[in-house]
Amino acid sequence: MKAMVLRANAPMESSPLEWCDVPTPEPGPGEVRIRVRACAICRTDLHVIEGDLPRQRLPIVPGHQIVGVVDALGPGCRRFALGQRVGAAWLRQTCGGCEYCRSGKENLCESAQFTGYHRDGGYAEYAVVPEAFAYAILDSFSDVEAAPLLCAGIIGYRALKRSNLPRGGKLALWGFGSSAHVVLQIALHRGCEVYVVTRGEKHVALARQMGAVWAGQRASEMPVKVDSAILFAPAGELVPPALESLKKGGTLALAGIHMTPIPAMDYQRCIFHERDLRSVTCNTREDGRELLAEAGQIPIRPHTTVYALADANRALRDLKNDQISGTGVLAW
């Protein structure tokens, strides 16, 4: 099969993904093989490729927002039928027996494995995933529309839960990439007001077009204090001003898997008055099921830019340089 393979960590400017032939994977016990139709790109892919995250396996096929159809079943598989459309996300496997797995916090499992990081992902014609960690995809979404929901959507959804946004409340989004433009649609559906801080003029325009009450490049111009905020940008220097944007008792959720160092903060201006600071670590499968169900009800319509699989290097450079509105999706 054809795949985009990473053999050594390197900056995206050097086009480190190699377009090549690799053996088609065979599903093991409890696994399904997906004939991939689309795979959305993600900033986490950048962190894997450029070495921001600890190296787990090389060579590796990145990609963890996979949509396709089941074309082979491993021994013992019963959840899905051949030809059924399914998706796979970042969380690939957990131990199922530790204190975190037993208490509904499988996203914190010490033995968790991740798609496109520990095992080959979706930048390929075929991918193998455990059927217990695959998701049925609603017919109301095309392949390209569904792909961003499987990480951008799921992580955004968990970040929204962690932000403690009250129904009808005010939410600030810092950064307006893949996750943020999904979260905006959920928040508006719940009757909330959304305010967006983002550095790109195109992102400001898209946020306004999608229904943000206010969108701008300078947080100092945000017209109100908010109940909750989510920081999507992997920039630690934004944590203090994001906290300052909160009302008393407000919550800031940090949605990134990687972030630059957070600077020293003034306690009175940033933390006092019972403001909460909460991180987000991966997601549970229940988060994924809840997000897909609510996405179908709204329905969420991700903004996408489509690239060919062989153009993955260019797509990820565009992502790194903030040249994509919404989500980049590799489709074939």
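This tour moves from the whole chain to two threonines and then to several salt bridges.

**The whole chain**

Begin with everything displayed, and keep in mind that this is a predicted model. If you colour by secondary structure, the protein chain shows ten helices and 17 strands. Its radius of gyration is 19 Å, close to the 20 Å that the globule rule gives for 332 residues, so the chain is as compact as a globular protein of that length. Turned along its principal axes, the set of C-alpha atoms fills a box of roughly 55 × 45 × 35 Å.

Next, switch to a surface view, where the protein chain exposes about 13,700 Å², with carbon and sulfur atoms supplying 48% of that area. Buried residues make up 55% of the 332 residues. Among the contacts with a separation of 6 or more, 71% join residues that are 24 or more positions apart.

**Two threonines**

Now select Thr 44, which you will find in helix H1, spanning residues 43–50. Is Thr 44 buried or exposed? Its relative accessibility is 10%, and because buried means under 20%, Thr 44 counts as buried. Add the residues around it to the selection: apart from neighbours within four places in sequence, Thr 44 is in contact with Leu 53, His 64, Trp 90 and Ile 257.

Then move along the chain to Thr 198, which sits in the loop between strand S11 (193–197) and helix H6 (201–209). Thr 198 also counts as buried, in this case at 6% relative accessibility. Which residues surround Thr 198, once its neighbours within four places in sequence are left aside? Its contacts are Gly 175, Phe 176, His 203, Val 204, Gly 216 and Gln 217, so that selecting these six together with Thr 198 will display its surroundings.

**Charges and salt bridges**

For the last part, colour the charged side chains. The 37 positive and 34 negative charges have mean positions that lie 3 Å apart. Side chains of opposite charge can pair when their charged atoms come close. How many salt bridges does a search of the whole structure find? The search gives 25, and the stops below visit some of them.

Select Glu 18 and Arg 7, whose side chains meet in a salt bridge with an N to O distance of 2.7 Å. This pair links distant parts of the chain, eleven residues apart, with Glu 18 in strand S2 (residues 17–21) and Arg 7 in the loop between strand S1 (2–6) and S2. Both ends are partly exposed, Glu 18 at 35% relative accessibility and Arg 7 at 44%.

Go on to Asp 227 and Lys 247, where the side chains meet in a salt bridge at 3.3 Å, N to O. Here the link runs between two strands, from Asp 227 in S13 (residues 226–231) to Lys 247 in S14 (residues 246–254), and the two residues are 20 apart in the chain. Lys 247 counts as partly exposed, at 32% relative accessibility.

The next pair to select is Glu 244 and Arg 269, with a salt bridge of 2.6 Å, N to O, between their side chains. Glu 244 belongs to helix H7 (residues 239–244) and Arg 269 to helix H8 (residues 267–270), so to follow this link you cross between parts of the chain 25 residues apart. Glu 244 is partly exposed at 26% relative accessibility, as is Arg 269, with a relative accessible area of 47%.

Finish by selecting Arg 158, Lys 161, Asp 287 and Glu 290 together, since these residues are linked in a network of salt bridges.

Methods: Residues are numbered from 1 along each chain as its sequence is written. This is a predicted model: local features need pLDDT of at least 70, side-chain atom pairs count only at pLDDT 80 or more; totals for chains, interfaces and linings use all residues. Side-chain values use heavy atoms; hydrogens and water are left out. Helices (H or I, at least four residues) and strands (E, at least two) are DSSP runs, numbered from the N terminus. Buried means under 20% relative accessible area, exposed over 50%, partly exposed in between (1.4 Å probe, protein chains only). Contact means heavy atoms within 4.5 Å. The radius of gyration is taken over C-alpha atoms; the globule rule is 2.2 Å times the number of residues to the power 0.38. Accessible areas come from the Shrake-Rupley method with a 1.4 Å probe; for residues, only the protein chains shown count as cover. Lys and Arg count as positive and Asp and Glu as negative; His and the chain ends are not counted. The place of a charge is taken as NZ of Lys, CZ of Arg, CG of Asp or CD of Glu. A salt bridge is a side-chain nitrogen of Lys or Arg within 4 Å of a carboxyl oxygen of Asp or Glu.
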